[in-house]
Amino acid sequence: MAFYVPWDPDSAASLRRHFPDIDVVAAGDAQIDPRTNSLVVDRDRELHSILYSRAHRPRVWLMVQNVFAEKWQVAPTVALFRNPAASARLVDQLVASVQASGWQGAVFDIENLPDNTLPSYVRFLALAHRRFAKAGLTLAATVPAGDPGWPLKGIGAVTDQTILMAYDEHWQGGEAGPIASQDWFAQQVAIARRAVPARKLVVALGNYAYDYHDGTADALTLPEAWLSARDSEALPAWDSASGTSGFAFDDNGDKHTVWMLDAATTWNELRLLNGISAVALWRLGSEDPTVWRAFDALDTATRPDLTEIPGSSGTDMEGSGEILRISETPHSGSRSIAYDNAGQIVTERYSSVPTPFAVVRTGVVPNEVALTFDDGPDETWTPQILSVLERMHAPATFFVIGEDAIVHPQLLRRIMSDGDEIGNHSYTHPNMVELPPVGARLEINATQRLIEAYTGRSTRLFRAPYFGDAEPSTADELLPALIAQQHGYTIVGLHVDAEDWQRPGVPKIVANVMDAVMHPTPQRSENVILLHDGGGNRAQTVAALPIIVNDLRRAGFQIVPLSRLIGISDSELMPRVSGADLVSVRLDVSVFLLMAALDYAIRFLFFVAIALGISRAVVLTALAVANRRKAPPEQPATPSVTVIVPAYNEERVIVASVTRVLASDYSAFQVIVADDGSKDRTSALVAEHFGDDPRVLLLTMANGGKAAAINRALTHATGDVIIALDADTQFLPDAIRLLVRWFADPGLGAVAGNARVGNRVNLVTKWQAIEYVTAQNVERRALDRLNAITVIPGAIGAWRRTALDEVGGYPEDTLAEDQDLTIAIQRRGWRVTYDIHAVALTEAPESFRALAKQRFRWSFGTLQCLWKHRAAVRKGRPVGLARIGMPQAWLFQILFSALSPLIDLALVLSFIETIVRVQQHGWAQTQSDVLRMLTYWLVFVLVDVIAGWIAYRMDPVRRPFPALRLVAQRFVYRQLMYGIVIRAVSAAVRGRLVGWGKLERSGSVSAATS
């Protein structure tokens, strides 16, 4: 277990480095408000970012303390524990807070309670434990070591884990002495072992220091203690009596005694804890970095190497101001360690202590402030901010993000022409702490190159993303700054954060600025103001800016450029780039422009495709609804009919198909089975079952393809109307009668029927069933309204024999002969229509592989037909087909499907990008196109669902609407269809030929499914 505190940046840095080594994080994010007895939780953005950006998932417990306003609240806490109703409310709040965070428990760290109040605290813990157990959460409580008044046994009985804080033998309020001498530590652990079961006992080990002076003591992290030792030239020494280290020095006559708990002491403590269930570290950020080697060595039963201490993670700040220069980098410390035969450390000798970064701060100029803007340029907000600055004659500095600047070169030029300054804010706005050095250099250099290319000037200003403080205190924060400094940049921090990125309201933004600039201190200057011109909606910033400028001037402040605070000229800050250097950077930027154009094109396609998809769904549904009451002729036709069944290896389905046709309630028809060279018993079964039926004619021929087989059959057909149906199709009894009634209209060339999936036996076929109802039938009904039907389905369609003869029968040069024929007869002046009530059940492919094979043939054939009849579009005849039917087929069946994977990829990548940015920067500050993209996509899905529901309501066979299955299609089924279209386009470009592409029949169509 490791204790994390949100108020120390080093705590977050340590958690980030050692995250995989931690099983439980106790997050000190909660306090008890003494005024209301309520829980106050600080939702720490940095902790959230770390927890949810790593694969490792430690348990997280919320640590609750009775500290408020930096003071231990004793009397209010005692009153709370003695009030059952208030105690119950607090526990309920805590349970709700832990559950809302998705964490696993809580730990109470309640301190400084008088002994006579401890029974009420135990009763409170018992109440909390019952509530936590019911909620499936873990409850833990800390107990101070060395205080006999604390009821270890009682607390152990009412908690899941009891944490012995095995340090503070000598504490801040007492006399100087070891923080946890070895004998004292062993004694306290022994007492705890007797009172608390080993499975419940957690021993917390301290890793920090106390600096005793003038009757008090300052709590120090170990890096701070080592820095003090270096500055005082007093190396820590081992105290054999206590088994700890310390040092002493004089500071202008004041005696300082520093006692430490470092990794050497921790190693000896760990060796005394055999049988204890767990150990805890107090605390992350204050520890000796080699203590993690001690933990590892305990697991591997080896001795830890503690000799080299990595450079300190703290920062030695010098001077005041927000212009930073790193004057020293960290250096490792060293010490020698001596062990006895049992593996215990008996001596520790420091030869040098680790040192941190040293940062020199400058830029303090009384009554002068600089306005800086981060995260732009933004096409909406940056121009408005520039206009305000121009109107008020106020200079500013804009720290730009490369990926935004590259698409808005005019804004960079306007910034320069207005006399403002430009700084480098990285290329993609990453948390540069997470990047390797080469990545950080690329981020900085890319933005520098495009600034030079667009403005003809370089820049010497750099501010790292998420670098929101002029006093960076961790190596993680300073490493990106060091890289920039090594490349000649001046590092700009800040102390005045308007917090406009949170959009707290205009008055709050103004107050944040004015409160800060009016109260500088010698340690904290307030000369640099942070605002934002990008990264989200900045309307509040635009509104607050003129108020800020006026208020600053009324208060006696002069608004100056950053170069004034730095003490250099504008030409030194942003030197000109010319000649070969300018040509070079412009060549480099062309690569970024290409990348930006590609990203823009993908996003543009997404929005266009979604808008077209929504429009198409709405229009088609509206047309289908308008067409639903279309009436057949008052005097239906009763022509003679020939039903042609082309067959190739159809022994499983042929008998059922012919039987269903013969069961039709229409009498004047002939059935021709055209066996196209089947290698199975197709012909034998037809002869066996229907040889004596005069209505059935069997033709057995050499294999020539489906269209050729139908054309051969046409030479034997006697009907005025031809119906060609696939062998896997089963007609309902009234299907022929309903189809042929439309031929009372002498100008009608063909009628499409309602093909439905008859074998809904698995997810693949159920998805196809949805597609037939919500897509194919709705589209056919809508296009019928516009005289723009592009295909009469092979499963069920009727053709006027005269129209077939005019175009020479079924075309044999395309794979989609039904679509080819539909377009051809319309180009000859015939009309086609659709009858949704004429139903045929078709056998759909039952596997994705079979489905892909079928749809590839369809897509390839569609491409052939559209290309073959492209002249119709050019000539504009027939109008419905040429102006609507074929163009929409090109757009939605081919182009839209081919681009859909890119559109989906754009959404997914943007969504991932936003998740990463939210983890790094928090939701309030994160704005991305993905929010708009996701909204469009959700609207598209909603429209799709509504359109699907309407389609099911209009269908003559009422079935429950499968809304969830329809939505699920978008994530698997439709992506498969998109891929097939892409394959078909590729095959067409290569000139590939495709055969019958016949499916393996299962014979699973049942009339009962109708």
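Student: Of the contacts in the protein chain with a separation of 6 or more, what percentage is accounted for by residues 24 or more positions apart?

Tutor: The model is a predicted one. Contacts in the protein chain are taken here at a separation of 6 or more, and the part asked for joins residues 24 or more positions apart. That part comes to 78%.

Student: What radius of gyration does the protein chain have, set against a compact globule of 1010 residues?

Tutor: Along its principal axes, the C-alpha trace spans about 125 × 75 × 55 Å. A compact globule of 1010 residues would have a radius of gyration near 30 Å. For the protein chain the value is 40 Å.

Student: How many helices and strands are there in the protein chain, and what percentage of its residues count as buried?

Tutor: The protein chain contains 33 helices and 38 strands. Its accessible surface is about 41,200 Å², with 55% belonging to carbon and sulfur atoms. Of the 1010 residues, the part that counts as buried is 57%.

Student: How many Å apart are the mean positions of the positive and negative charges?

Tutor: The protein chain carries 95 positive and 108 negative charges. Each set has a mean position, and the two are separated by 13 Å.

Student: Which residues of helix α21 are buried, and what arc do they cover around the axis?

Tutor: Helix α21 runs over residues 654-662, and its buried residues are Ile-654, Val-655, Ser-657, Val-658, Val-661 and Leu-662. They lie on the same side of α21, because the arc they cover around the axis is only 165°.

Student: Which elements are included in what covers the buried residues of α21?

Tutor: Two of the helices that take part are α22 (682-690) and α24 (735-740). Strands also contribute, including β31 (641-647), β32 (669-676) and β33 (696-701). The elements asked for therefore include β31, β32, α22, β33 and α24.

Student: Is Ser-683 buried or exposed, and which residues does it touch beyond four places in sequence?

Tutor: Ser-683 lies in helix α22. Its relative accessible area is 14%, and under 20% counts as buried, so Ser-683 is buried. Its C-alpha atom is 8.3 Å from that of Leu-699, 16 residues apart along the chain. Leaving out residues up to four places away, Ser-683 touches Asp-675, Leu-698 and Thr-700.

Student: What separates the C-alpha atoms of Glu-650 and Ser-683?

Tutor: Glu-650 is in the loop between β31 and α21, and is buried with a relative accessible area of 1%. Glu-650 and Ser-683 are 33 residues apart along the chain. The separation of their C-alpha atoms is 9.1 Å.

Student: Where is Arg-283, and is the peptide bond from Trp-282 to Arg-283 cis or trans?

Tutor: Arg-283 belongs to the loop between β16 (278-282) and α10 (291-300). Most peptide bonds are trans. For the bond from Trp-282 to Arg-283, omega is near 0°, and the bond is cis.

Student: Which loop holds Pro-377, and is the peptide bond from Gly-376 to Pro-377 cis or trans?

Tutor: Pro-377 is in the loop between β23 (368-376) and α11 (381-392). The bond from Gly-376 to Pro-377 has omega near 0° and is cis.

Student: What are the phi values of Ser-426 and His-429?

Tutor: Ser-426 is in the loop between β25 (421-424) and α14 (437-455), and the place of His-429 is in the loop between β25 and α14. Ser-426 counts as buried at 0% relative accessibility, and His-429 is buried with a relative accessible area of 7%. Most residues other than glycine have a negative phi. Phi is positive here, at about 80° for Ser-426 and near 60° for His-429.

Student: Which residues are in contact with Ser-563, leaving aside neighbours within four places in sequence?

Tutor: Ser-563 lies in helix α18 (residues 562-566). With a relative accessible area of 6%, Ser-563 is buried. Its contacts outside the neighbours within four places are Glu-421, Ile-568, Ser-569 and Leu-573.

Student: Is Asp-239 buried, partly exposed or exposed?

Tutor: Asp-239 is found in strand β13 (residues 237-239). Not counting residues up to four places away in sequence, Asp-239 touches Thr-244 and Trp-259. Its relative accessible area is 26%, and the limits are under 20% for buried and over 50% for exposed, so Asp-239 is partly exposed.

Methods. Residues numbered from 1 in each chain as written. Predicted model: local features only at pLDDT ≥ 70, side-chain atom pairs only at ≥ 80, totals over all residues. Heavy atoms only, no water. Helix = DSSP H or I, 4+ residues; strand = E, 2+ residues; numbered from the N terminus. Rg over C-alpha atoms; globule rule 2.2 N^0.38 Å. Buried < 20%, exposed > 50% of the residue type's maximum accessible area, 1.4 Å probe, protein only. Contact = heavy atoms within 4.5 Å. Areas by Shrake-Rupley, 256 points an atom, 1.4 Å probe, with all protein chains shown as cover. Lys, Arg positive; Asp, Glu negative; His and termini not counted. Charge placed at Lys NZ, Arg CZ, Asp CG, Glu CD. Arc of directions from axis to C-beta.
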